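Trainee: I should like to understand how the descriptive terms for this model are justified. May we go through them one at a time?

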Amino acid sequence: VIGDATVMDLHGAELAQQLRPLARAVTLIPFPPGEAHKTRATKEQIEDRLLEEKLDRQGCIVALGGGISLDMAGFVAATYMRGVACVNLPTSLLAQVDACIGGKTGLNTERGKNLIGAVHQPDLVLVDPHYLDTLPRAQWACGLAEMVKHAMVADEDLLGWIEAHAGELVGPPYRSDHHPLLRCARIKAEIVQQDELETGRRRLLNYGHTVGHALELASGHSLDHGRSVALGMLVEGRVATTLTSFSVDELERLRRCLARLDLPTRPPSELPFDALLPYLALDKKRQGGSLRMALPVRVGAMAAAHDTFAVTVPLEQARQAWQDEAAS
Ligand SMILES: NC(=O)c1ccc[n+]([C@@H]2O[C@H](COP(=O)([O-])OP(=O)(O)OC[C@H]3O[C@@H](n4cnc5c(N)ncnc54)[C@H](O)[C@@H]3O)[C@@H](O)[C@H]2O)c1
Ligand SMILES: [Zn+2]
């Protein structure tokens, strides 16, 4: 069982007890929490431990935790002995609605997030909402940002539902009769089923992430993934108002929704756009440089851009959108 130390302390012992009747041996392998530890160095330590424990190819890795734990454990499972079975047990809202599905795994390097990794589908995904009981309130917002993203890319009704129930969604307790957990997971699963290797439609799940990833890194992770994605959706939404039929009214609807969910609605004033540049995947062959973004055409639908689902955006247009959002 691989997971960050926080989750392992809270839930590892109980899980080990549940697993013992099913396995020859169960070993808990915690690693330090946080993006700063989603690295090759951590992966190596975990792999050395697995080798010490003599996990063989019949073994199974159970990924327990949030998106970081799943990304780490999943990548270990993808390469250990050229690939072993993996079960995802997501414990954060973000991981339950998003990261546990789709098989993307990966690590950060100083040059960017998730640059080293593999697509390795889990053999089983078990979403148990009881884990959310211990999730700190601040972490709920991260999952809510991805839920809003799912609504923005594929399901306008879901956005309406989130708007109407924002007050109940912002934190624990989880209410099974009152939470679109499954609906969000289904959206992701359906899109991944159509395009597992992200050659087309799956790219629309990158909405908010081109700017979001760069922001997360430029802020030294002081803005976490969910908050960065929330701001990324606004900046990229602003770009969309100039390049697609996405309207300013829809952008303002998105902003109001994010605000109700306690998510940020304005890029931090101390961060100029240039701070993002080292972390943006720039196509420098084009004059002045350009970016590729998944952009909405309206709430619930994305620009197909000739089935690439990635619109070419001149760097200057992204800069302008950032400045407009910072001044909004
Ligand atoms: N592979 C994918 O498809 C995919 C999709 C989205 C995000 N991600 C990745 O996921 C990461 C973000 O995921 P995250 O927000 O879950 O981060 P995380 O894994 O760091 O979890 C957030 C925090 O909550 C704690 N936590 C998690 N579950 C808990 C619980 N039940 N009780 C108490 N504390 C708990 C963790 O210890 C951590 O401190 C990013 O690295 C992102 O790149 C991957
Ligand atoms: Zn994300």
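Mentor: Let us begin with residue classes: Ala, Val, Leu, Ile, Met, Phe, Trp, Tyr, Cys and Pro count as nonpolar, Asp, Glu, Lys and Arg as charged, and the others, Gly among them, as polar. By these classes, the shell around ligand 1 has 8 nonpolar, 10 polar and 8 charged residues. Please note that the model is predicted.

Trainee: Which helix supplies the largest share of the shell around ligand 1?

Mentor: The largest share, 4 residues, comes from H1, which spans 5-19.

Trainee: What makes the approach of Gly-67 to ligand 1 a polar contact?

Mentor: A polar contact requires a pair of N or O atoms within 3.5 Å. A backbone N or O atom of Gly-67 lies 2.8 Å from an oxygen atom of ligand 1, so the contact qualifies. As for the ligand as a whole, ligand 1 taken alone exposes 860 Å², of which the protein buries 90%.

Trainee: How many aromatic pairs does a search of the whole structure find?

Mentor: The search finds 1 aromatic pair. It is formed by the rings of Phe-273 and Trp-322.

Trainee: Why is this pair called tilted?

Mentor: The ring centres are 6.2 Å apart, and pairing requires them to lie within 6.5 Å. The planes stand at 55°, whereas stacked needs under 30 degrees and edge-to-face over 60, so the pair is tilted.

Trainee: Why does Phe-273 count as buried?

Mentor: Buried means under 20% relative accessible area. Phe-273 has 4% relative accessibility, so Phe-273 counts as buried. Trp-322, with a relative accessible area of 3%, is buried too.

Methods
Residues are numbered from 1 along each chain as its sequence is written. Chains are lettered from A and ligands numbered from 1 in the order in which they are written. This is a predicted model: local features need pLDDT of at least 70, side-chain atom pairs count only at pLDDT 80 or more; totals for chains, interfaces and linings use all residues. Side-chain values use heavy atoms; hydrogens and water are left out. Rings of Phe, Tyr and Trp (its six-membered ring) pair if their centres lie within 6.5 Å; planes under 30 degrees apart count as stacked, over 60 as edge-to-face and the rest as tilted. Buried means under 20% relative accessible area, exposed over 50%, partly exposed in between (1.4 Å probe, protein chains only). A polar contact is a pair of N or O atoms within 3.5 Å; within protein, one must be able to donate a hydrogen and the other to accept it, and residues adjacent in sequence count only if both atoms are side-chain atoms. Accessible areas come from the Shrake-Rupley method with a 1.4 Å probe; for residues, only the protein chains shown count as cover. Helices (H or I, at least four residues) and strands (E, at least two) are DSSP runs, numbered from the N terminus.
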